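Trainee: I have a chain to look over before the meeting. Can we walk through it together?

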Amino acid sequence: EKNQYKTRSIVLKAIGTLLLVWLAISPALIFPQHRLPRVTGKHAVATANFTDTDKSRIETFTNTGENRKVNVEFWYPADVVPSQDGSEKYPLVVLSPGSFGIKTSNTSTFMELASNGYIVCSIDHPFHALFTIGADGHPVLLDMSFYQEVVDVNNGKYDEATEFKLEKKWMQLQTADINFVLDTIPAQAQDKQAEAVYQLIDPEKIGLMGHSLGGESNAQVARERNDVG
């Protein structure tokens with residue numbers, strides 16, 4: 001009976017997650033798509049996706065013992081190439097979306113920034129994002145326990161102490177992801193063999209922005225680090 005209950009629970013969670021994904025994409029299927037605003041900058045914009053593995057952390061949302069993987073997407077000026085002396089550099093903006101948010105949520109803002117000579121790196125937080133797809137095509141869906149915690153907090157189910165404990169737990173995960181990305185990017189920027197977008201980044205000019213939980217997390221990271229603004 002315990003095995004039957006466990007199987008039923010897994011199936012129901014899977015159905016619930018798929019329903020959330022459907023709700024997220026159904027407007028795009030039902031309603032005509034709007035066009036992105038025209039950018040004001042002079043640069044054409046390119047994108048690049050990467051999946052980085054944090055070897056210092058074990059993924060806590062699975063029981064496989066694998067290291068945590070973080071997916072990022074860059075928007076950057078497409079009509080420039082890294083100079084031989086490394087003089088062609090652009091400021092970097094790192095974004096963390098809110099609960100259930102995905103890295104493409106603010107695409108129009110990213111396009112505008114990149115067209116004006118910025119590089120944007122947007123983070124997907126696996127199992128906190130509605131869905132994310134790794135560079136290898138592997139999808140990771142929203143964790144339903146996290147989803148229920150957020151819903152219950154928003155509905156006032158918990159007392160203040162419990163809410164604080166839950167939000168602290170969520171932020172610990174996201175700040176760890178953000179710090180990992182912020183440590184990875186400068187290392188890649190110094191690697192002459194790294195992808196072109198990394199070689200265009202000015203590691204001395206890094207700013208943070210975010211939405212909701214992502215904004216809280218980035219604000220906390222900015223308080224703890226002296227290499228970001």
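Mentor: One term before we start: a residue is buried when its relative accessible area is under 20%. Keep in mind that this is a predicted model.

Trainee: What percentage of the residues in the chain is buried?
Mentor: The chain has 229 residues. Count those under the 20% cut-off. The buried share is 41%.

Trainee: How many helices and strands make up the secondary structure?
Mentor: Read along the sequence, the pattern is α-β-β-β-α-β-β-β-α-α-α-β-α. The tally is six helices and seven strands.

Trainee: What share of the contacts with a separation of 6 or more links residues 24 or more positions apart?
Mentor: Contact here means heavy atoms within 4.5 Å. Among contacts with a separation of 6 or more, those 24 or more positions apart account for 72%.

Trainee: What part of the accessible surface belongs to carbon and sulfur atoms?
Mentor: The accessible surface of the chain is about 13,300 Å². Carbon and sulfur atoms hold 54%.

Trainee: Now the helices. Are α3 and α4 parallel, antiparallel, perpendicular or oblique?
Mentor: Helix α3 spans residues 144-154, and helix α4 spans 160-189. Their axes come within 11 Å and cross at roughly 140°. Roughly antiparallel needs an angle over 145 degrees. So α3 and α4 are oblique.

Trainee: Is the crossing of α3 and α4 left-handed or right-handed?
Mentor: Handedness depends on which way the near helix is turned from the far one. For α3 and α4, the crossing is left-handed.

Trainee: How do the residues of the contact of α3 with α4 divide into nonpolar, polar and charged?
Mentor: From α3 come Phe 146, Glu 149, Val 150 and Val 153. From α4 come Glu 163, Leu 166, Glu 167, Lys 169 and Trp 170. The division is five nonpolar, no polar and four charged.

Trainee: Next pair. Are α4 and α6 parallel, perpendicular or oblique?
Mentor: Helix α6 covers residues 213-224. The axes of α4 and α6 come within 9 Å and cross at roughly 60°. Roughly perpendicular starts at 65 degrees, and roughly parallel needs under 35. So α4 and α6 are oblique.

Trainee: How do the residues of the contact of α4 with α6 divide into nonpolar, polar and charged?
Mentor: The crossing of α4 and α6 is right-handed. Residues of α4 in this contact include Trp 170, Met 171, Gln 174 and Ile 178. Those of α6 include Leu 213, Gly 214, Ser 217 and Val 221. The division is six nonpolar, seven polar and three charged.

Trainee: Now the loops. Is Pro 97 buried or exposed?
Mentor: Pro 97 is found in the loop between β3 and α2. Pro 97 touches Ile 102, Ile 123, His 125, Gln 174, His 211 and Gly 214, leaving aside residues up to four places away in sequence. Its relative accessible area is 4%, so Pro 97 is buried.

Trainee: What distance separates the C-alpha atoms of Pro 97 and Gln 174?
Mentor: Pro 97 and Gln 174 touch. Along the chain they are 77 residues apart. Their C-alpha atoms are separated by 9.8 Å.

Trainee: Is Phe 100 buried, exposed or partly exposed?
Mentor: Phe 100 is also in the loop between β3 and α2. Its phi is near 70°, a positive value in a residue other than glycine. At 24% relative accessibility, Phe 100 is partly exposed.

Trainee: And Phe 127: buried or exposed?
Mentor: Phe 127 sits in the loop between β4 and β5. Its phi is positive, about 75°, although Phe 127 is not a glycine. With 15% relative accessibility, Phe 127 is buried.

Terms used: Residues are numbered from 1 along each chain as its sequence is written. This is a predicted model: local features need pLDDT of at least 70, side-chain atom pairs count only at pLDDT 80 or more; totals for chains, interfaces and linings use all residues. Side-chain values use heavy atoms; hydrogens and water are left out. Axes are lines fitted to C-alpha atoms, for helices over the stretch in contact, and angles run from 0 to 180 degrees between N-to-C directions. Helices (H or I, at least four residues) and strands (E, at least two) are DSSP runs, numbered from the N terminus. Angles under 35 degrees count as roughly parallel, over 145 as roughly antiparallel, 65 to 115 as roughly perpendicular and the rest as oblique. Ala, Val, Leu, Ile, Met, Phe, Trp, Tyr, Cys and Pro count as nonpolar, Asp, Glu, Lys and Arg as charged, and the others, Gly among them, as polar. Buried means under 20% relative accessible area, exposed over 50%, partly exposed in between (1.4 Å probe, protein chains only). Accessible areas come from the Shrake-Rupley method with a 1.4 Å probe; for residues, only the protein chains shown count as cover.
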